[in-house]
Every structure is written in structure tokens, then in C-alpha cells.
Amino acid sequence: MTELSTDRLLLRQWRDSDRDPYAALNADPAVMEHFPALQTREQSDGLIDRNIPLIDERGWGLWALEVRETGEFIGFTGLSVPSFQAPFMTADSSLPAVEIGWRLAKGAWGNGYASEAARAALGHGFGPGGLDEIVSFTATTNVPSQRVMQRIGMVHDEAGDFDHPRIEDGHRLKRHVLYRIDRAQWESTR
């Protein structure tokens, strides 16, 4: 099993003890402001259940995020293959995109944790993960996540901005921005 660590954080496999705080995080309207709806306990547990074997098999996924000093679970950060590919294929348009993403509890905001954990995930993706490109996307309204994307060296691909196919027309979150980073860009920022 692959775990990543930074000075302050541990990106690790999920534990049963993460289920309650993760469900609470997904039921928090502030955390879920840039998502179409709050998540049910079943939806929260489903993400955990899907990621445990992916991390074990591939060596990457959406890792549980823990503050090393306190052992506190604060959310997730990691890599995933989005379930819909058309808007953000890799540069040669033949391979599925791998996305980097994060979701942190409100109490963890403002500490630089998302950027710190995302840098570790990018390093793993471009290192042992063998990836050539990683994307990230969010609703145009989610300026804090766009700032994280910029801080970790991602570049806005304006031509790749898209209407999310799973969000209804007219919804305030329909339009999404797309950011990209490739191996060469990553290496130049280190």
C-alpha cells in the first residue's frame, strides 16, 4: 500500500474511523458549496469503498488526508480517473485523463494543506505513478480550488473549459474550468 507524507500531512489508505468525519464533511453546506448537492452517508461510504482497492492495486487514488501531528482526519487528496472523459482527454486525445482533486473539512481550510497534499500527489503521479499529464477541474465559481491549482503549477486550459455533462443546463455550477500540468512543467516547478 502506498502512503505519502509531507512535513505536516499523511496521505494514507482509508480507515473505518474516517467514515463518520468524511460523511460529516460531505454534509457540510460550506464544504459542498461548489458541488450540486450534499452527499448522503451512502455516497460518502461509496467513495471510500471504491478507493480502498484502487489504492491497493494501482498505488494511487484519493487518499485519506491526516494531520501528522494530531492524527486528525481532514478530508482527501489524490488522483482519480473521472467517470466521463470527453472534455478532458490527454493531449494526444487517446488516453483517459487522470485528475487531481481534494476536499477538506472547513476547519482545515486556510492552512495550505490542500496545496501541500496536492504537491505530494503530483510528485507521486509523475514519479512512481508514471503519468505524463494530470488535469484538474472545478466550477467557475470555485475560486479557492483554482488558486490551489495555480499554486501547484497547473495552467488554465481556457480552450478546455467545459459544461459539466452531469449538471443540468442553467445550473450555476454547469460551467467548469480545466487546468493541466504535464511532467515537464512539474519538473520545472520543483
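**View 1. Leu10 of β2 has Glu66 as its bridge partner in β3.** This is a predicted model, where local features need pLDDT of at least 70, side-chain atom pairs count only at pLDDT 80 or more, and totals for chains, interfaces and linings use all residues. Residues are numbered from 1 along each chain as its sequence is written, and side-chain values use heavy atoms, with hydrogens and water left out. Strand β2 covers residues 9-12 and is joined to β3 by four bridges, the two running antiparallel. For the bookkeeping, strands (E, at least two residues) and helices (H or I, at least four) are DSSP runs numbered from the N terminus, and two strands pair if DSSP finds at least two bridges between them.

**View 2. Strand β3 carries on into a hairpin with β4.** Here β3 (residues 62-67) and β4 (residues 73-80) run antiparallel, with five bridges joining them. Look for Trp63, which sits opposite Thr77 of β4. As for cover, six of the six residues in β3 are buried, where buried means under 20% relative accessible area, exposed means over 50%, and partly exposed is in between (1.4 Å probe, protein chains only).

**View 3. Five residues sit between the strands of the β3 and β4 hairpin.** One to check on your phi plot is Gly71, with a positive phi near 80°. Glu72 belongs to this loop too, and its 47% relative accessibility is why Glu72 counts as partly exposed. Setting aside neighbours within four places in sequence, Glu72 is in contact with Leu65, Glu66 and Val67, contact being heavy atoms within 4.5 Å. Glu72 and Leu9 are 63 residues apart in sequence, yet their C-alpha atoms are 9.7 Å apart.

**View 4. Helices α1 and α2 cross at roughly 125°.** The axes of α1 (residues 19-26) and α2 (residues 41-58) come within 9 Å; axes are lines fitted to C-alpha atoms, for helices over the stretch in contact, with angles from 0 to 180 degrees between N-to-C directions. The pair is therefore oblique, given that angles under 35 degrees count as roughly parallel, over 145 as roughly antiparallel, 65 to 115 as roughly perpendicular and the rest as oblique. From α1, Arg19, Asp20, Tyr22, Ala23 and Asn26 meet a set in α2 that includes Arg41, Leu47, Ile48 and Ile52. The contact residues split into five nonpolar, two polar and five charged. In that scheme Ala, Val, Leu, Ile, Met, Phe, Trp, Tyr, Cys and Pro are nonpolar, Asp, Glu, Lys and Arg are charged, and the others, Gly among them, are polar.

**View 5. Ser44 of α2 is a residue to zoom in on.** Its relative accessibility is 0%, so Ser44 counts as buried. Beyond four places in sequence, Ser44 is in contact with Tyr22, Ala23, Asn26 and Gln39.

**View 6. Ala121 sits in helix α3 (residues 113-126).** With 0% relative accessibility, Ala121 counts as buried. Not counting residues up to four places away, Ala121 touches Leu4, Trp63, Gly78, Leu79 and Ile100. The C-alpha atoms of Ala121 and Ile100 are 7.6 Å apart, with 21 residues separating the two along the chain.

**View 7. Val98 is in the loop between β4 and β5 (99-104).** A relative accessibility of 7% is why Val98 counts as buried. Leaving out neighbours within four places, its contacts include Trp60, Leu79, Leu131 and Val135. Between the C-alpha atoms of Val98 and Asp132 there are 9.5 Å, and 34 residues in sequence.
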